[in-house]
Amino acid sequence: MADQKDDPLRPTQDSRGFYMLPRSPAESGYYTYGTMDKKPDRGGYQYPHPIMMQAILRVALEWQVIDRRRIGIGNISRADGFDDEEHGQHRDGLQVDIRPLRKDGLEIPLVWKDTRNYDKEATAKLIDLFRTLAPVKRVRFNDTSIPFVKWTAGHDDHFHVELLG
């Protein structure tokens, strides 16, 4: 990977003072995924507000005590809150996309309707952990049998956590 200082689309710290979420450090409890401009983002869409940074790191740490599977952390916001029309709600660093958990532990996409691979109980536990440890405003996900989640088009393969800021 190119040195962060040489890549203006992926600076270590942006003009808002937001730092890039570390990219899947060993034993962190999470891995990162996502796209930017229809290509793998290499961290370019992972600039959380400090409140979100703390929430992600704390939830991932607590999750490791509960489960060996890592949490899939997707798009948060681009450096400087750049609006690219790809994720209109991901501008202030207080929203994050997270993959539902798979029964097989693979770190690849799935939709909640795939009952053979989707681990509903673990996904519900993860959502509840966010609600317990962070100032959650809203969770958008299309498995509405999980308490507190709201159905939103395009949220079959991830849930969207929005924090109060």
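What share of contacts between residues at least 6 apart in sequence join residues at least 24 apart? In this protein, the share is 63%.

## Overall picture

This is a predicted model. The protein has 165 residues, and 50% of them count as buried. About 8,700 Å² is exposed, with carbon and sulfur atoms supplying 52% of that area.

Two helices and eight strands make up the list of elements. Read from the N terminus, their order is β-β-β-α-β-β-α-β-β-β.

## Strand E5 and its partner

Strand E5 spans residues 95-98. In a regular strand, side chains alternate between the two faces of the sheet. Gln 95 and Asp 97 lie on one side of E5. Val 96 and Ile 98 lie on the other. All four are buried, so both faces of the strand are covered.

E5 pairs with strand E8, residues 159-163. The pairing is antiparallel and runs over four bridges. Gln 95 has Glu 162 as its bridge partner in E8.

## Aromatic rings

The structure holds three aromatic pairs. One of them joins Tyr 31 and Tyr 33, with ring centres 6.4 Å apart. Their planes meet at 45°, so this pair is tilted. Tyr 31 has 7% relative accessibility and therefore counts as buried. Tyr 33, at 19%, also counts as buried. The cut-off is under 20%.

Elsewhere, Tyr 118, Phe 141 and Phe 159 form one aromatic cluster.

## Charges over rings

Tyr 33 has a further neighbour. Arg 99 lies over the face of its ring, 3.9 Å from the ring centre.

Phe 148 also has an arginine over its ring. Here the charged end belongs to Arg 131 and sits 3.8 Å from the centre.

## Asn 142, a buried loop residue

Asn 142 is found in the loop between strand E6 (136-140) and strand E7 (149-150). Is Asn 142 buried or exposed? Its relative accessible area is 3%, so Asn 142 is buried.

Its side chain makes polar links. A polar contact of 3.4 Å joins it to the side chain of Trp 151. A polar atom of the Asn 142 side chain also lies 2.9 Å from the backbone nitrogen of Thr 152.

Leaving aside residues up to four places away in sequence, Asn 142 touches Trp 112, Trp 151, Thr 152, Gly 154, His 155 and Asp 156. Trp 151 and Thr 152 thus appear among its contacts.

Conventions. Residues are numbered from 1 along each chain as its sequence is written. This is a predicted model: local features need pLDDT of at least 70, side-chain atom pairs count only at pLDDT 80 or more; totals for chains, interfaces and linings use all residues. Side-chain values use heavy atoms; hydrogens and water are left out. Rings of Phe, Tyr and Trp (its six-membered ring) pair if their centres lie within 6.5 Å; planes under 30 degrees apart count as stacked, over 60 as edge-to-face and the rest as tilted. Buried means under 20% relative accessible area, exposed over 50%, partly exposed in between (1.4 Å probe, protein chains only). A charge sits over a ring if NZ of Lys or CZ of Arg is within 6 Å of the ring centre and within 35 degrees of the ring normal. Two strands pair if DSSP finds at least two bridges between them. A polar contact is a pair of N or O atoms within 3.5 Å; within protein, one must be able to donate a hydrogen and the other to accept it, and residues adjacent in sequence count only if both atoms are side-chain atoms. Contact means heavy atoms within 4.5 Å. Accessible areas come from the Shrake-Rupley method with a 1.4 Å probe; for residues, only the protein chains shown count as cover.
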